[in-house]
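I'm opening a fresh notebook page for this one. Come along while I look up a pair of facing residues, then the strands around them and what they pack against.

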Amino acid sequence: MTELHNKATTTTTAENVTKNPTSQQHINMNHRFRRRVGEVHSEHSRRFKTCPLALTSSTFLSLSSASNSHRPWPFLLVLGLILHLPWMARAELDRKLDVSEGVPVGHQIGYIGEQLPGVDSGPPYLIVPVPGSGVDTDLAIDHTTGEIRTKVRLDRETRASYSLVAIPRSGENVRVQIRVLDENDNAPTFPTAVMNIEFPENTPRDVKRTLNPARDMDLGRYNTQRYNIVSGNTNNAFRLSSHRERDGVLYLDLQINGFLDRETTPFYSLVIEALDGGTPPLRGQMTVNITIQDVNDNQPIFNQSRYFATVPENATVGTMVLQVYATDADAEENGLVEYSINRRQSDKEQMFQIDAQTGWISVNKPLDFETRELHELVVVAKDHGETPLETTAFVSIRVTDVNDNQPTINVIFLSDDATPKISESAEPGDFVARISVHDPDSKTEYANVNVTLNGGDGHFGLTTRDNIIYLVIVNMTLDREITPNYTLSVVATDNGTPPLHASKTIYLRVTDINDNAPEFEKSIYQANVMEISDPGTSVLQVYAYDRDEGNNSAVTYSLLDTPDTHSQWFQIDTYTGVITTRTHIDCETEPVPQLTVLAHDNGHPPMSSTATVLVTIHDVNDNEPIFDQSYYNVTVAENEAKGRCILKVCR
């Protein structure tokens, strides 16, 4: 059988030579392949038990085509025999090619036989891709010329190289390595768009906090090269540092660049960008939200370093004397202040007590002017931090002697009718009332009495030129619609020992001016009415409210005359705002008449506003058909066919 096979092979080869003399080189190559395979067969006939493989020119080309087919068995057979059998002595050449990623489809990479003169016998080639190298899907290789072109757009990040073996006619193995060169087609990318971190405000300078680094799929200088803080770095509080490790990633650290102070800047939002080395560079951004945590680094601060107060000697236990107040710029427990009296340095007799939360100092024991006239207290304000901080203030409380008679207060109102009222149009500085005070204990006509005014939320003040006659004046503009009444308290304190106090309450009314226009419930009203409605039919009621009072808030209504929208079809009740039909209405003339309602008050001068009313008139069948003429005359022939039209009337 072997002899028959060899004879058949020889015959076929001879016939090919006869028919095609130019294929002599292929026949020589087949001869060498047949000799190698024959040697393999003679030494390993037991293992393979097959006939020797004779390669003709057509066989060589068909095997080359089989390498790209979906039936890999001929290809695997040749690959196994040629590449992986150590007993086959063959030469092996290397051909290295480079191509940039992203080149157009069809781009020429090179030729297999270039730069191998005198060694590679040239095409045609048997192409043997390395399994899994992507040669079949991404590259187009012409085995007749050895030209290699791209079949798809190459992406280095997906596949960095391609490998194949090309076998020319001479039988040598040409190992082809195609390296995909990197281009800057990937921007640095952070793993998350936002990162939240915290720093205690007492963090020392240069302390680092590792941030998520940006990663770039490109290589070399196209990889991430540096980081910048784009925005949010108030007072240059932070800086960046970076270092590259063996994995090629440029790692990022955030460092304290100055001193943090939560009370000044409690929060930072840094926008950090990563740049690669391209020209121009590609960028990626990440936002780093930094919360500055509070530490107890601020002691409480009193609103004044020394307080003064007076209290009569007959003040009962529990009488409020004075309130001290301190603030702490820290947060939460670190900023919570409590008050106490330092008993080691002051008030050892505990004549006074202080509310730990509010800071109010009150009488704790009966006072005696003759025993002690002045009490000096050392008040302590302490926060609730783990290591509490505290500060002190001095409070001087003078005990005054008791007096017999209270001052008397006389108030004269300066309104037109001498009643307690003031117009809301009053300007700051206008007078409200005149106050005079008399102390029966004083031998002079006007006692030297201190007068104060309380209440009014700062809208009223007290002024005097001689401490004898006081005037209540307007301090801030008034608005009756917001606050129509004020309660003021005039307090007079004489200079007796102890001083006596008198007070008088003033109930002040703010009178109205016409400073508000009527306001409709809606700017546009919708109404419906039938076309057959009789005159006087109710359509809609509008309502406008005026925030003024009295005549200034009395609203009357009217319709603006707009003939183009047929407002004359309707009328409105002056006082109720009810809109009714004035005449018969016609849907065919105007299906949706538009009315403009005017509301004006009775002030001087009056103020007004308008609203729009859209009335939809619903049609009824109120029009009968009408012929185009009242008399028709037609002539008909006696032989006219049945069904023929002899007259057309229109209506």
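Entry one. I started with His375, which stands opposite Ile397 in β23. I kept in mind that this is a predicted model.

Entry two. How many bridges join β22 to β23? I found nine, and the two strands run antiparallel.

Entry three. Next I looked up the sheet that holds this pair. Four strands make up an open sheet with mixed pairing, and I read the order as β16-β23-β22-β19. Because β16 and β19 each have a single partner strand, they stand at the edges, and one side of each is left without a neighbour in the sheet. From one strand to the next, the twist averages 30 degrees.

Entry four. Back to Ile397: which residues does it touch, once those up to four places away in sequence are set aside? My list reads Ala309, Val311, Val321, Phe352, Ile361, Glu373, Leu374, His375 and Leu377. So His375 turns up here too, and I had already noted it as the residue opposite Ile397.

Entry five. I then turned to the largest nonpolar core, which has 26 residues. Ile397 is among those with the most contacts inside it, along with Phe302, Val324, Phe352, Ile361 and Val395. Elements giving two or more residues to this core include β16 (306–312), β19 (337–341), β22 (374–383) and β23 (390–400). The largest share, four residues, comes from β23.

Entry six. Last lookup of the day: there is a second, separate core of 25 residues, and Ile435, Leu453, Val472 and Leu478 are among its members.

Conventions:
Residues numbered from 1 in each chain as written. Predicted model: local features only at pLDDT ≥ 70, side-chain atom pairs only at ≥ 80, totals over all residues. Heavy atoms only, no water. Core = buried A, V, L, I, M, F, W, Y, C linked by side-chain atoms within 4.5 Å. Buried < 20%, exposed > 50% of the residue type's maximum accessible area, 1.4 Å probe, protein only. Contact = heavy atoms within 4.5 Å. Pairing = 2+ DSSP bridges. Axes fitted to C-alpha atoms, helices over the stretch in contact; angles between N-to-C directions.
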